[in-house]
Amino acid sequence: MRLKHGELLFLNVDPHDFADPEFSETALGVSDPRRVVIEITERTAIKDYPKFRERLKAFREIGFRFAVDDAGSGYAGLGSIANLEPDFIKLDMSLINCIDTNFIKQNLVETMVRFANDQGAMVIAEGVERAEEFETVQSLGVHLVQGFFLHRPERPDGQPSATAPAESVAPPAA
């Protein structure tokens with residue numbers, strides 16, 4: 001896969017993969033690790049944070065970046081964000097859905113953006129499907145957005161796909 005200038009590849013990885021000695025920073029065969037963001041999917045709990053952080057350190061040292069995926073759902077809570085020190089925090093679509101009419105969600109997202117700014121991280125709003133959601137996350141300072149509002153998924157041949165998940169990530173327009 002060839003990335004265009006300025007593009008990053010986000011790669012979903014389960015925390016348990018880091019326990020596998022075969023899974024290593026060199027085994028991924030990435031020519032420019034600075035362009036790869038490993039998304040920690042956290043569908044399962046991380047049991048040994050010190051050991052896990054040590055594995056992440058080896059990846060970070062050669063340029064890989066990290067994201068906490070689906071923050072606000074499942075195990076991807078505040079503790080994970082604090083322990084993983086991610087470069088990107090991907091907010092679960094459950095926080096984004098109807099955010100334009102939910103003051104509590106707006107406050108949570110605004111607080112997360114402020115926290116990310118203080119930590120040098122970026123917030124990505126997942127599941128932005130309507131213009132009102134887009135406008136709201138933009139006004140809250142969210143750095144990047146992902147969802148059907150921006151781009152419908154396509155098959156490799158360029159034809160629209162109704163079943164593939166949307167993976168486009170873009171900054172909100174200023």
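This report describes the overall make-up, the nonpolar cores and one helix of a protein.

The model is predicted: local features need pLDDT of at least 70 and side-chain atom pairs count only at pLDDT 80 or more, while totals for chains, interfaces and linings use all residues. Residues are numbered from 1 along each chain as its sequence is written, and side-chain values use heavy atoms, with hydrogens and water left out.

The protein has five helices and seven strands, which are DSSP runs numbered from the N terminus (helices H or I, at least four residues; strands E, at least two). From the N terminus, their order is β-β-α-β-α-β-α-α-β-α-β-β. Of the 174 residues, 39% are buried, meaning under 20% relative accessible area with a 1.4 Å probe, protein chains only.

A nonpolar core is a set of buried Ala, Val, Leu, Ile, Met, Phe, Trp, Tyr and Cys residues joined through side-chain atoms within 4.5 Å. The largest has 35 residues, and Phe18, Ile38, Ile40 and Leu91 have the most contacts inside it. Apart from it lies another core of five residues, including Val37, Ala67, Ile124 and Leu144.

In helix H5 (residues 131-139), the buried residues are Glu133, Phe134, Thr136 and Val137. They lie on the same side of H5 because they cover an arc of only 165° around the axis, taken from the directions from the helix axis to the C-beta atoms. Elements that cover these residues include the following.

| Element | Residues |
|---|---|
| Helix H3 | 93-96 |
| Helix H4 | 103-119 |
| Strand S5 | 122-125 |
| Strand S6 | 144-146 |

After H5 comes Gly141, with a positive phi near 90°.

Note on methods. Buried < 20%, exposed > 50% of the residue type's maximum accessible area, 1.4 Å probe, protein only. Contact = heavy atoms within 4.5 Å.
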